[in-house]
Amino acid sequence: MSHIIVVGYGMVGSRFVEDLTAADRDGDHLVTVLGDEACEPYNRVLLSDVVAGSRGLSTIGLPAADHPRVTVRRGTPVRSIDRGRRDVVLADDSRIPYDHLVLATGATARVPALPGIDEGDLPGGVHVLRSIDDAREIVAATLNARRAIVLGGGVLGLEAATGLAGRDLAVTVVHPGPALMERQLDEDASRVVESTLRRTGVDQRVGVGAQEVVVEDGRLSRVRLTNGEVLAADLLVISTGTIANTSLAADAGIAVERGVLVDADLTTSDVHVHAIGDCAQPPGGSSGLVAQGWEHARRLADLLTGTDPVSVATGAGDVVKPKTRGVDIVTMGIGGSTRTTDPALRVMRLTDPSAGRHLEIVVRDGLLVGATAIGAGRIGTDLVTSYTRRTPLPADPAHLLLPAIAPSAASTRQDSPMLVPDRATICRCNGVTKADIRAEFRSGATSLEDVAERTKATTGCGGCTDAVCGILDWLTQDSRSQVEPTPREERFTPEKHDADRPETRAS
């Protein structure tokens, strides 16, 4: 019997264990999980919701491993890997042998080298947001804080900023790049986001960095910027990216660069050692999205158990939808700062900063290969559906933008879940379609918790929660009407409506 050790019990490590035990139908593998944190696994993506107050800490937990062939040891850091003996060494010098070692060590928050702060000992009032303890400390700090600065205007930085503003703090985002979320947005799109953020109570300094964090009596007092401006603050949240946890691999002589180098099969330079999630650097690069880590987990579980891989098109690859209160942002594929001049690309855009609206679509060979939608509501959802489903576009793709300037036409389209085709992907992180939710509903999963347990929908970024709830409400009402039918002949089934309305789209 093979013994697999998993180092890391976060979102990806716990999903790998779940996928492995499901795929190991013959019971050929024993699994030992070594988690650095002492708590059960939790959804790290939803920590910004905890800061915003829209979720409690108790609601972001993930199912704990419960299997006779799985042993979980929480609060058990690994000190080193002995590749010669093929075992791991724990802090107490004890050793655990392995046949295969899976590194799911994730990443840590990057703390910039600035006068006034030390990565190993942050002063009072200065925090990162990477763990459940970080979220708890930030929430506690908001009770006495009035002015907050968020250093870094990426996805997590904007989520944290809008969340803090929702707690009635005066918030300023300081971002040295030329555009907020510059990996996804260009400067024109950023200007629209900036103006919308100001209306929600979040100010910004874009193109300006932090020069010094001023600490008095052991606590944050103010932040000096590179343009000479000084901002007073009671709370500073640092959101300047992450660093892959590669030290275990590097110390063991395993090849690393930005992450632990792996091939297409998630195998490192040592054939007995694998890496998945944020700590891994696959051939195509890392997106930083949890969906990619979950794809790693499923693929490696299939490979180690000899199971034929199941192709699951999550459609999540590079679709980004920040949980920014009051600011609707959706990006996908080629666009923004990632777009280069290419004669094969056809680009159309509509920008209206005064209305807080910006739309850009990128088309190649009749397919949508990229899009940016800010303040576009349902249009952003339509674009995600076209992008993830690779739907052939109209002869004139500009029609995709027309609903933004013809609200009367758009208003004839209803938002009812009835109009969502069964094939539409509702949960992009886990590849759950409307048909999957309907099937589980028919088999007794009538609550959000039931659907999450059976399909994993809503357990990723959480952005599909409202859509799933809407579908469940519709299914519940529809099932009741089937029990007590109405005599009105104009009622028709969702299936027929889907067949008659191919232009319907996902929530």
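Why does His296 count as buried? In this predicted model, the relative accessibility of His296 is 8%, and a residue is buried when this value is under 20%, so His296 falls in the buried class. The residue belongs to helix H7, which spans residues 290-305. A polar contact of 3.1 Å links the side chain of His296 to the backbone nitrogen of Gly277. When residues up to four places away in sequence are set aside, His296 touches Leu266, Ile276, Gly277, Ala280 and Pro282. Gly277 thus appears both in the polar contact and in the list of residues touched by His296.

Ile276, which His296 touches, is also in contact with Phe16. With neighbours within four places in sequence left aside, the other contacts of Phe16 are Ile4, Val6, Val102, Ala297, Leu300, Ala301 and Leu304. Phe16 is among the residues with the most contacts inside the largest nonpolar core, together with Val88, Leu101, Leu103 and Ile437. This core comprises 61 residues. Another core, of 34 residues, lies apart from it and includes Ile60, Leu185, Val202 and Ile374.

Ile374 lies in strand S24, which covers residues 367-374. Strand S24 pairs with strand S23 in the antiparallel sense over seven bridges, and within this pairing Val362 has Gly370 as its bridge partner. The two strands form a hairpin with two residues between them, where Asp365 adopts a positive phi near 55°.

On the N-terminal side of strand S23 (residues 357-364), strand S22 (residues 346-352) pairs with S23, again in the antiparallel sense and over seven bridges. Met348 is matched with Ile361 of S23 as bridge partner. Strands S22 and S23 likewise form a hairpin, here with four residues between the strands, and Gly356 in the turn has a positive phi of about 65°. Strand S23 therefore pairs with both S22 and S24, and is mostly covered, with six of its eight residues buried.A further sheet is open and consists of three strands in the order S13-S14-S15, with antiparallel pairing. Its edge strands, S13 (210-216) and S15 (230-232), each pair on one side only. From one strand to the next, the twist averages 25°. Strand S14 (residues 219-225) pairs with S15 over three bridges in the antiparallel sense, and the bridge partner of Arg224 in S15 is Val230.

Notes: Residues numbered from 1 in each chain as written. Predicted model: local features only at pLDDT ≥ 70, side-chain atom pairs only at ≥ 80, totals over all residues. Heavy atoms only, no water. Buried < 20%, exposed > 50% of the residue type's maximum accessible area, 1.4 Å probe, protein only. Polar contact = N/O pair within 3.5 Å; in protein donor to acceptor, adjacent residues only side chain to side chain. Contact = heavy atoms within 4.5 Å. Core = buried A, V, L, I, M, F, W, Y, C linked by side-chain atoms within 4.5 Å. Pairing = 2+ DSSP bridges. Axes fitted to C-alpha atoms, helices over the stretch in contact; angles between N-to-C directions.
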